[in-house]
Amino acid sequence: MSVRVQREAAEIREEWLGWALSTLPADRTAAEAAISGLYHLIGLDPPRFHWVSSPVTALTTVPPGLRPRPSETIEQVAEWPLPRRLSALMSALSVELDRRFGVAYHPMDRLAHHEIRAPIRLSVINALLTPLRAAHDSPLHMRFAWYDVPCVSKVAHYDALRRLTGLPFTPEQTRQFELWATLARTCGWWWPREDVCVVSERPVAMQTEASVDERAVRLHHPDGPALRYADGWDVHAWHGTQVPPWVITDPTAWRITQEANVEVRRCAIERIGWASYIDQACLRPVASAPDPGNPDSQLHLYDMRKETRVLLAVNGSLERDGRRRRYGLTVPGFLNDPIAAAGWTYGLSAEQYSLLLRRT
């Protein structure tokens, strides 16, 4: 694939990623017109619209005049009649467009998947869908199938194929595609019913950083909420992991000790720094030794809690800012030798770890 095409694909990805993570107010007129257009395509009149300031408000809001049956709770949104019909509508369009581009333009389709659709979908999951799933308070991911339907990533994928190949859609395909594209550009999540459609505003603030896959992003803010809506619903996140607010605003060794969730505990320790945590928690040093897998660095072993110790080490590779990060690894309490503890984290013996030239 030429450099020009790859550059154009990157530009299309950034354009749609910008819409997906936009903090601009919704364009309510355009969004309502697009939703009404989709209702028309499945043979229904335009619904009454009920706007809410955030997705979490939508989950707890019953629009005036609506009396949903017990089987129609928000947790079962994917099983409501309209989401299923609209999902089928989008699926049919996808099949047509896949057929149109899939064979003759297979390399371009693969590029659009890899460079555009996958990173945008991952970014939406990281920044918007994971907090929404947490707000749903339901572990059954299959119930969230509806949220894949209006996801920007699909629209971006087919828009990229159209622009990169120069092959236009048919008039009917264009008509439906533009409705989905308008929604992707103009509002947040939406929940369709026959008589009313609940639509959320977009967030008013979002802080992200590059994900492990640098084409995608994830929530992160070291000093406050990473995601915030106008009604006050916010989400704190540490390098992509959703955490309680105290992890960001007031992490202390005592609170870390009381925390049961190991991931939250790890984030809180990283927030104050491993060296500071060890000092605050008064962890008893067990032993230290030069790190044979990382020349010029030391391994430090501490007692952490019953039958658990922590090994403080220095990353073998440079971070994006050019520094080497200090980090802690919990190891079994029977390990008294820092080198044996380092080897244990790699599934190696102390002797095998000692022969490493440099670990990563």
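Start with the whole protein chain in view and its surface switched on: the chain exposes about 17600 Å², and carbon and sulfur atoms supply 53% of that area. What you have open is a predicted model, so every value on this tour is computed from it.

**The whole chain**

Switch to a cartoon view. The protein chain has 13 helices and 13 strands. Turn it around, and the C-alpha trace spans about 75 × 55 × 30 Å along its principal axes. Now colour by burial: of the 360 residues in the protein chain, 49% are buried. If you draw the contacts with a separation of 6 or more, 60% of them come from residues 24 or more positions apart.

**Stop one: the largest cavity**

Rolling a probe the size of a water molecule over the atoms shows where empty space is left. In this structure there are 3 cavities of 30 Å³ or more. The largest cavity holds about 230 Å³ of space. To find it, select A20, L128, C187, G188 and W189, which are the closest to its centre among the 18 residues that line it.

Which helices should you show around this space, each supplying at least two residues of the lining of the largest cavity? Pick α1 (3-20), α5 (106-136) and α7 (171-186). Then colour the lining of the largest cavity by class, and you will see 14 nonpolar, 2 polar and 2 charged residues.

**Stop two: the second largest cavity**

Keep α5 on screen, as this helix takes part here too. The second largest cavity has a volume of about 50 Å³. Select N126, T130, P131, L219, V235, A237, G240, T241 and Q242 to show its lining. Two or more of these residues come from each of α5, β8 (234-238) and β9 (241-243). Which of the elements gives the most to this lining? That is α5, with 3 residues. By class, the lining of the second largest cavity has 4 nonpolar residues, 5 polar ones and no charged ones.

**Stop three: H157 in helix α6**

Now select residues 152-165, which form helix α6, and pick out H157 within this helix. Is H157 buried or exposed? H157 counts as buried because its relative accessible area is 0%. Show the residues it touches, leaving out those up to four places away in sequence: D109, A112, H113, I116 and R117.

**Stop four: helix α10**

Move on to helix α10, residues 262-272, and display V264, R265, C267, A268, I269 and I272, which are buried. What covers them? The cover includes β8, β9, α8 (245-249), α9 (253-258), α11 (274-280) and β11 (298-305). You met β8 and β9 at the second largest cavity.

Zoom in on the two ends of this helix. At the start of α10, a side-chain oxygen of N261 comes to within 2.8 Å of the backbone nitrogen of E263. After α10 comes G273, with a positive phi near 95°.

**Stop five: L299 in strand β11**

Strand β11, part of the cover of α10, is also where you will find L299. With a relative accessibility of 0%, L299 counts as buried. Apart from neighbours within four places in sequence, L299 is in contact with A287, S288, A289, D291, L311, L312, A313, P338, I339, A342 and Y353. Next, draw a line from L299 to A341: the two are 42 residues apart in sequence, and their C-alpha atoms lie 9.2 Å apart in space.

**Stop six: helix α12**

That line leads to the last helix of the tour. Select α12, residues 338-346, which contains A340. The buried residues of α12 are P338, I339, A340, A341, A342 and G343. They pack against β10 (285-290), β11, β12 (308-314), β13 (326-332) and α13 (350-354).

Look at the ends of α12 as you did for α10. A side-chain oxygen of D337 reaches to within 3.1 Å of the backbone nitrogen of I339 at the start of α12. Following α12 is G347, whose phi is positive and near 75°.

Finish with A340 itself. Not counting residues up to four places away in sequence, A340 touches L335 and A350. Then zoom out and add F49: its C-alpha atom is separated from that of A340 by 63 Å, with their positions 291 residues apart along the chain.

Conventions
Residues are numbered from 1 along each chain as its sequence is written. This is a predicted model: local features need pLDDT of at least 70, side-chain atom pairs count only at pLDDT 80 or more; totals for chains, interfaces and linings use all residues. Side-chain values use heavy atoms; hydrogens and water are left out. On a 1 Å grid over the protein atoms alone, a cavity is a set of points where a 1.4 Å probe fits but cannot get out, and a pocket is an open set with protein on both sides within 12 Å along at least five of seven lines; lining residues have an atom within 4 Å of a point. Grid points are joined across faces, edges and corners, and a volume is the space filled by probe spheres set on the points. Helices (H or I, at least four residues) and strands (E, at least two) are DSSP runs, numbered from the N terminus. Ala, Val, Leu, Ile, Met, Phe, Trp, Tyr, Cys and Pro count as nonpolar, Asp, Glu, Lys and Arg as charged, and the others, Gly among them, as polar. Buried means under 20% relative accessible area, exposed over 50%, partly exposed in between (1.4 Å probe, protein chains only). Contact means heavy atoms within 4.5 Å. A polar contact is a pair of N or O atoms within 3.5 Å; within protein, one must be able to donate a hydrogen and the other to accept it, and residues adjacent in sequence count only if both atoms are side-chain atoms. Accessible areas come from the Shrake-Rupley method with a 1.4 Å probe; for residues, only the protein chains shown count as cover.
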